[in-house]
Amino acid sequence: MIEIRDLTKKYGSFTALDHLNLTLTEGTVFGFVGANGAGKSTTFSILATLLSPTTGDAFINGKSIIKEPTEVRKQIGYMPDFFGVYDQLKVDEYLDFYGASYGIPSAERKLLIPQLLELVNLTTKRYEYVDLLSRGMKQRLCLARALIHDPNVLILDEPASGLDPRARVEMRDILRHLKTMGKTILISSHILPELAEMCDEIGVIDNGKLIAHGNVAAIQAQLQGEKRIAIKVTEKLVEVRAFLEEDPLISAIDVVENRLEIVFNYRGTDAEQVALLKKAVMADLPIYAVSEEEKDLEDVFMAITKGADSP
Amino acid sequence: MMERVYNPVFVKELKLRFRSFKSFSGLMFYLAVLCVFIVGFLLVTTEFTGRGFFKPDISFIMFAVLSIVQMALVLFITPSLTAGAISSERERQTLPILLTTTQSSTQIIIGKLLSSVAFLVLMLIAGLPLYSLVFLFGGVAPSQVVSIFLFYLVTVLAIGSIGVMFSTITKRTIVAMIATYGSIIFLGGITAFFFFLTIAFHGMTAAVGNSWMSYFWAAINPGALMLTLISPEMGEGLTEVSGVSLPVWVTYLIVYSLIIVFSLTIAIRKLRANMKNNR
């Protein structure tokens, strides 16, 4: 379980993190969304015991990051957004070094390394030098490294950044597998729409403040404000448009003539939407299909971080 | 038992160091310089005839100069091996990951220092066959060689600790290296200048009693200690000039031990500088 209590980080007069509160239960996969500089990496650095908060505290399975950092390090696997590797180490030596750094006995490390390499699909690269691996392979190796001491919590800062589509898919598959293993995963990513299906909860951070938190659907509903509805007609496109323009809850009407489709924003409730459709049927308008366009998380992210630096 | 004393950073650093061409070329350069010096010395002494004889007192001079050349090489090489200990990890972005492992700051710093010192010890050992030429001609006691090597070890540990400290508190390796070379210049050069200055001042003012300051400046100077180890008469001379009879090596050992403790304490405390609980 992760509990973040009133976490604040200030650099002089600049507030990087502003009274962040968050509680995540065990096994949750939490996606962290925010523009560059919003406070995601600061939060992750604090949780990874690399940075002390100005005020507040965070607890990983009941251990304080301030008072018991060594205990916290045993429980977390951290993957930073930018990381380097040791040029002259081979893949198995790289993992062996980190295994030893977590105090894992040598005999145990020898058994663990092949298992981890299999998990991240790097078995064939076991005896190759780390610096000869591709970017995607290095990312997977770093993930294996973060797992070497079997942590309960994984903190992954932009694990898919800079990867080509194939490498992203591979990374996503590994993360899905880790989810089935019951790990609590905190992940930040600019490709969150791709990861949305595996995230149980999403948090949106802007200017150091958590402005939304909940499951993916709830966040979308909370942040979207208005729906984008598409209706299809068999004829009378002009009449239907005129009918819609009379409704004060409707805005941004777009007509797609070649598809006999009208798309518009609707900010009414579900009940008001039912009433609108009834009225349209009573007016004998030839509507044969109504659908709600789904905004993906990227749209939501762009909408709520409007004004901030684009990622 | 082995697992308990196993230092992952030390082992990793040794692996990386011995796999790098830089280490191989550095060792080669070091031995080449010693070889050139010894061969040159022998040729000059025998007047390029390949014959003649080699007196024990000449052998002693060779030992003395060889020891000073070796000290200069060690002082020159140590910063390049230690000043990048932490800053190079920072520069290649491997430090955050290392700091999130359960290794303590002390373990990391000690591992870094010992791996560098181990390489320097290897250099000194690799030079021993060349040193043994001195014994071939006599004139030098084995105890002198042992004391010189112990002196190297203490000096390397102290300079290495200073290098690791600067590497931890500065962000760039180049800055750490300049600062470490600066410390060597201070210990090897400026202290000598202060020594002569205080001696002159003591003489001019015709002060009565011991000149502790001049003794101190000489006692922390590696060159001065080296000279007293090579030639005990030098130590007696210093006692005469300063009036302090405490052996120079005692003060040197105390001061350099303090330097080691101070530098390593700073390095350990500053390694996780962004954390309140930084051990």
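Student: Which residues of H12(B) meet H13(B) in this predicted model?

Tutor: From H12(B) come B:Leu227, B:Thr228 and B:Ile230. From H13(B) come B:Pro232, B:Met234 and B:Gly235. By class, this contact has four nonpolar, two polar and no charged residues.

Student: What makes B:Gly235 polar here?

Tutor: The class rule does: Gly counts among the polar residues.

Student: Why are H12(B) and H13(B) called oblique to each other?

Tutor: Take the angle. Helix H12 (residues 222-230) and helix H13 (residues 232-242) of chain B pack at about 120 degrees. Roughly perpendicular covers 65 to 115, and roughly antiparallel needs over 145. About 120 fits neither of these, so the pair counts as oblique. The axes of the two helices are 4 Å apart.

Student: What is the secondary structure of chain B as a whole?

Tutor: Chain B comes to 14 helices and zero strands. Its C-alpha atoms fill a box of roughly 60 × 55 × 35 Å along the principal axes.

Student: Why is H3(A) called roughly antiparallel to H2(B)?

Tutor: Again, set the angle against the cut-off. H3(A) and helix H2 (residues 8-19) of chain B pack at about 155 degrees, with their axes 9 Å apart. The cut-off for roughly antiparallel is over 145, so H3(A) and H2(B) earn that name.

Student: Which residues make that contact?

Tutor: H3(A) brings A:Glu93, A:Phe97, A:Ala100 and A:Ser101. H2(B) brings B:Pro8, B:Val9, B:Lys12, B:Lys15 and B:Arg19. The classes are four nonpolar, one polar and four charged residues.

Student: How do you know that B:Arg19 and A:Glu93 form a salt bridge?

Tutor: Their closest N and O atoms are 2.6 Å apart. The rule asks for a Lys or Arg side-chain nitrogen within 4 Å of a carboxyl oxygen of Asp or Glu. Arg and Glu fit, and 2.6 Å is within the cut-off, so the pair qualifies. Across the interface of chain A and chain B, the rule finds one salt bridge. Polar contacts between the two chains come to nine residue pairs.

Student: Which helices of chain A supply the side that touches chain B?

Tutor: Helix H2 (69-75), helix H3 (91-101), helix H4 (106-119) and helix H5 (135-147) of chain A each supply at least two residues. H3(A) gives the most, with six residues. By class, this side of chain A has 22 nonpolar, nine polar and eight charged residues.

Student: How many residues are in contact, and what area is buried between chain A and chain B?

Tutor: 39 residues of chain A are in contact with 26 residues of chain B. The area buried between them is about 2800 Å², with carbon and sulfur atoms giving 59%. A:Arg73, A:Tyr86 and A:Gln88 supply 21% of the area that chain A buries against chain B, more than any other three residues.

Student: What makes A:Arg109 and A:Asp96 a salt bridge?

Tutor: The N to O distance is 2.8 Å. With the cut-off at 4 Å and an Arg facing an Asp, the pair therefore passes. A:Arg109 lies in helix H4 of chain A and A:Asp96 in helix H3 of chain A, 13 residues apart. Over all chains, the structure holds 18 salt bridges.

How values were computed. Residues numbered from 1 in each chain as written. Chains lettered and ligands numbered in written order. Predicted model: local features only at pLDDT ≥ 70, side-chain atom pairs only at ≥ 80, totals over all residues. Heavy atoms only, no water. Contact = heavy atoms within 4.5 Å. Buried area = accessible area lost by both parts, 1.4 Å probe. Polar contact = N/O pair within 3.5 Å; in protein donor to acceptor, adjacent residues only side chain to side chain. Axes fitted to C-alpha atoms, helices over the stretch in contact; angles between N-to-C directions. Parallel < 35°, antiparallel > 145°, perpendicular 65-115°, else oblique.
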